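Thank you all for coming. I would like to take a few minutes to walk through one structure with you, going from the overall fold to the ligand and then to a single residue, so please have it open on your screens.

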Amino acid sequence: MISIDILTAIKARRSIHQFKTEEVETDILQEIFTYGSYAPTHYMKEPWNIKLYQQEGKRSFVDAIIASYQRIGMLGSADDAKAAKTIESMRRFLTAIPHHALIYFEKETSDVRYEEEYAAVCAFIQNAQLAAWEYGVGMLWTITPYMHDKTFAADIGLDAEAVKIAAVMQIGYPEKVPRHKGRTPITEKMEIISE
Ligand SMILES: Cc1cc2nc3c(=O)[nH]c(=O)nc-3n(C[C@H](O)[C@H](O)[C@H](O)COP(=O)(O)O)c2cc1C
């Protein structure tokens, strides 16, 4: 049984950049995302969808990321020796991360609805991050340029006209927990208007 002290978890959670190679069991990941799904959601739309890449499933995902970076011009062609080295180290780095959870939602045509769905998905992600922390599982919330590449979306079986990729969560047991960064006192960001 996991002891839950949400206030401690909120402060103690860190973004994890280095993961152990050990995988997280599927039922634990499902529990973590189940906690995520208790996020507030207007009209009970529960807009979040997850594509979880792991084991051999990472291969095509990482290929799609590299192809996207090449299209966008962030990576050279594999024919160039220097670019080939960079591509190989990126492939190794991404493949070593045990799980990648790509989070997406169906686009809404109205701005307000779109923002409601995106906000709910962000709340889902943060809930999941906090739940993961309680399970000893680390996450890194990432937003990267390939998420705006329509061909990347098509490569992973999504229609960029119909859905928005909100984030990719890198997931695994932490190899290293970064030191606490602290936060600016909220009084510096809070204006109280009483009359
Ligand atoms: C929407 C969003 C996107 C982020 N994207 C990245 C990212 O692409 N790469 C990265 O290293 N960290 C990313 N982060 C993590 C932040 O860098 C991290 O939360 C911040 O440094 C504070 O550290 P902490 O989460 O350990 O408190 C992202 C965080 C958020 C909320």
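Let me begin with a definition: I call a residue buried when its relative accessible area is under 20%, computed with a 1.4 Å probe and with protein chains only as cover. By that criterion, 39% of the 195 residues in the protein are buried, and I should say at once that we are looking at a predicted model.

As for the overall fold, the protein has six helices and six strands, and if you read along the sequence, these elements follow one another as α-β-α-β-α-α-β-α-β-α-β-β. Taken along the principal axes, the C-alpha atoms occupy a box of roughly 65 × 40 × 35 Å, while the accessible surface comes to about 11900 Å², with 54% of it belonging to carbon and sulfur atoms. If we consider the contacts between residues at least 6 apart in sequence, 81% of them join residues that are at least 24 apart.

Let me now turn to the ligand. Which residues surround the ligand? The shell consists of Arg13, Arg14, Ser15, His17, Leu140, Trp141, Thr142, Ile143, Lys181 and Arg183, and by residue class it divides into three nonpolar, three polar and four charged members.

Several polar distances deserve to be quoted individually. For Arg13, an N or O atom in the side chain is 3.0 Å from an oxygen atom of the ligand, and for Arg14, a polar side-chain atom lies 2.5 Å from a ligand oxygen. With Trp141 the backbone takes part, since one of its polar backbone atoms is 2.9 Å from a nitrogen atom of the ligand. As for cover, the ligand on its own has 620 Å² of accessible area, and the protein covers 63% of that.

Finally, I would like to look at one residue in more detail, namely Ala120, which lies in helix α5, a helix that spans residues 111-134. Is Ala120 buried or exposed? Its relative accessibility is 5%, and therefore Ala120 counts as buried. Setting aside the neighbours within four places in sequence, Ala120 is in contact with Ala39, Pro40, Thr41, Pro47 and Trp48. To take one of these partners, Pro47 is separated from Ala120 by 73 residues in sequence, and yet the two C-alpha atoms are 7.3 Å apart in space.

That is where I will stop, and I am happy to go back to any part of the model with you.

Methods
Residues numbered from 1 in each chain as written. Predicted model: local features only at pLDDT ≥ 70, side-chain atom pairs only at ≥ 80, totals over all residues. Heavy atoms only, no water. Near = heavy atom within 4 Å. Polar contact = N/O pair within 3.5 Å; in protein donor to acceptor, adjacent residues only side chain to side chain. Areas by Shrake-Rupley, 256 points an atom, 1.4 Å probe, with all protein chains shown as cover. Nonpolar A, V, L, I, M, F, W, Y, C, P; charged D, E, K, R; others polar. Helix = DSSP H or I, 4+ residues; strand = E, 2+ residues; numbered from the N terminus. Buried < 20%, exposed > 50% of the residue type's maximum accessible area, 1.4 Å probe, protein only. Contact = heavy atoms within 4.5 Å.
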